[in-house]
Structure formats: structure tokens, C-alpha cells
Amino acid sequence: MVRRPVAWVVAVVLFAEAFGIAAVQWFLGVVVDRQDMSLAGLDPDVMSMSSKIGGVAFGLYFALCGLVALLVALRDRPAAGLGRMLLISAAVVHGLLGAFAWGLVGWAAFLFMVVVLGLIVLLLMTYDAQEEPADARPEPGPEPTNGAAPA
């Protein structure tokens, strides 16, 4: 139905976001390194390196969440255990980033974060609501006769 396409879309979006966040943070680290300025006495090399490391770590986190969504799409089964926790944490992160993006970047970034949040929640909820297969349900037997012997 709609479960597998949503899982594919979430996987693609999270992989693109992982690359995007890592690239932006790396770029910001390069900018700080080239300006050679200090912020409140901090070493510019430390600020540059921490921005690059944070970008790579955050990118790997989103890539891991994308991998979980990809496995959900390939297997057509809900995420369980650590994978489910990763997807829930990614939804929380997108909610927080959306709140910050509204004030710092604008409504377009907020809208993107809310759409990704909605996709992740839809992925989690559609697999929770799936029904048992028809062949797994027990077949109904004869109706009870309130203790009376059959005639």
C-alpha cells in the first residue's frame, strides 16, 4: 500500500540530508579556518575542527537513520529495537531543528523539517497499524451451544 513508498522516500530524504548537513558543516569549518578569527578567545583551529567533526558525526547519524529506513523499505517490516529508537530520535531531532529553523533561518527551512518529521512519523505509524495476514488468523469453528449436547 503506502508503507513501502513512504519508507523509500524517508530513506532517500535522510541520505540526502546526511550528505547536506555534513557538507554545510564542513564548509562552515573551512570558512572559520580561513578567516582566522577568534570567538571569545577560542582557538580558530579548534572551532574549525569541531565544526567538521560535528558535521561528519551528524551526517553519519542521519545516514544510519536512512539505512534503517532503507532496510524497512526492503524488508517491508517495521523497524524494531535500535532501529526504531533511531527513527524516533530522528523525528525528535527534526522537531527541534524545525523549531530552531523557524527563528533562525525562516519558514522554508521550518516547512522542510516539519515535512521530514511527518514522513518519519508516517513511516513509524503505518507499520504499527498493519494487520495480521488473513492466513495467520484462526478460522472460526462451530458456535457454542451453551453446554447443551448437539441434537
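**Helix H3, a helix pair and one cavity**

Me: What makes residues of H3 count as buried, and which are they?
Reply: Gly83, Leu86, Leu87, Ala90, Ala91, Val93, His94, Gly98 and Ala101 are the buried residues of H3, a term for under 20% relative accessible area with a 1.4 Å probe and protein chains only (over 50% is exposed, in between partly exposed). The model is predicted, with local features needing pLDDT of at least 70 and side-chain atom pairs pLDDT 80 or more, while totals for chains, interfaces and linings use all residues. Residues are numbered from 1 along each chain as its sequence is written, and side-chain values use heavy atoms, without hydrogens and water.

Me: How do you know that the length of H3 agrees with its residue count?
Reply: The 23 residues of H3 (helices are DSSP runs of H or I, at least four residues, numbered from the N terminus) should span 33 Å at 1.5 Å a residue, taken over one less than the number of residues. The end C-alpha atoms of H3 are 32 Å apart, which agrees. Gly106, with a positive phi near 140°, follows H3.

Me: Why are H1 and H2 called roughly antiparallel?
Reply: The axes of H1 (residues 3–35) and H2 (residues 44–75) cross at roughly 175° and come within 8 Å. Angles over 145 degrees count as roughly antiparallel, so H1 and H2 are roughly antiparallel to each other.

Me: What lines the largest cavity?
Reply: Val72, Pro78, Ala79, Arg84, Leu87, Leu123, Leu124 and Tyr127 line the largest cavity (on a 1 Å grid, points where a 1.4 Å probe fits but cannot get out; lining residues have an atom within 4 Å of a point). H3 (82–104) and H4 (107–128) are the elements giving two or more residues to this lining, and H4 gives the largest share, three residues. About 40 Å³ of space lies in the largest cavity.

Conventions. On a 1 Å grid over the protein atoms alone, a cavity is a set of points where a 1.4 Å probe fits but cannot get out, and a pocket is an open set with protein on both sides within 12 Å along at least five of seven lines; lining residues have an atom within 4 Å of a point. Grid points are joined across faces, edges and corners, and a volume is the space filled by probe spheres set on the points. Axes are lines fitted to C-alpha atoms, for helices over the stretch in contact, and angles run from 0 to 180 degrees between N-to-C directions. Angles under 35 degrees count as roughly parallel, over 145 as roughly antiparallel, 65 to 115 as roughly perpendicular and the rest as oblique.
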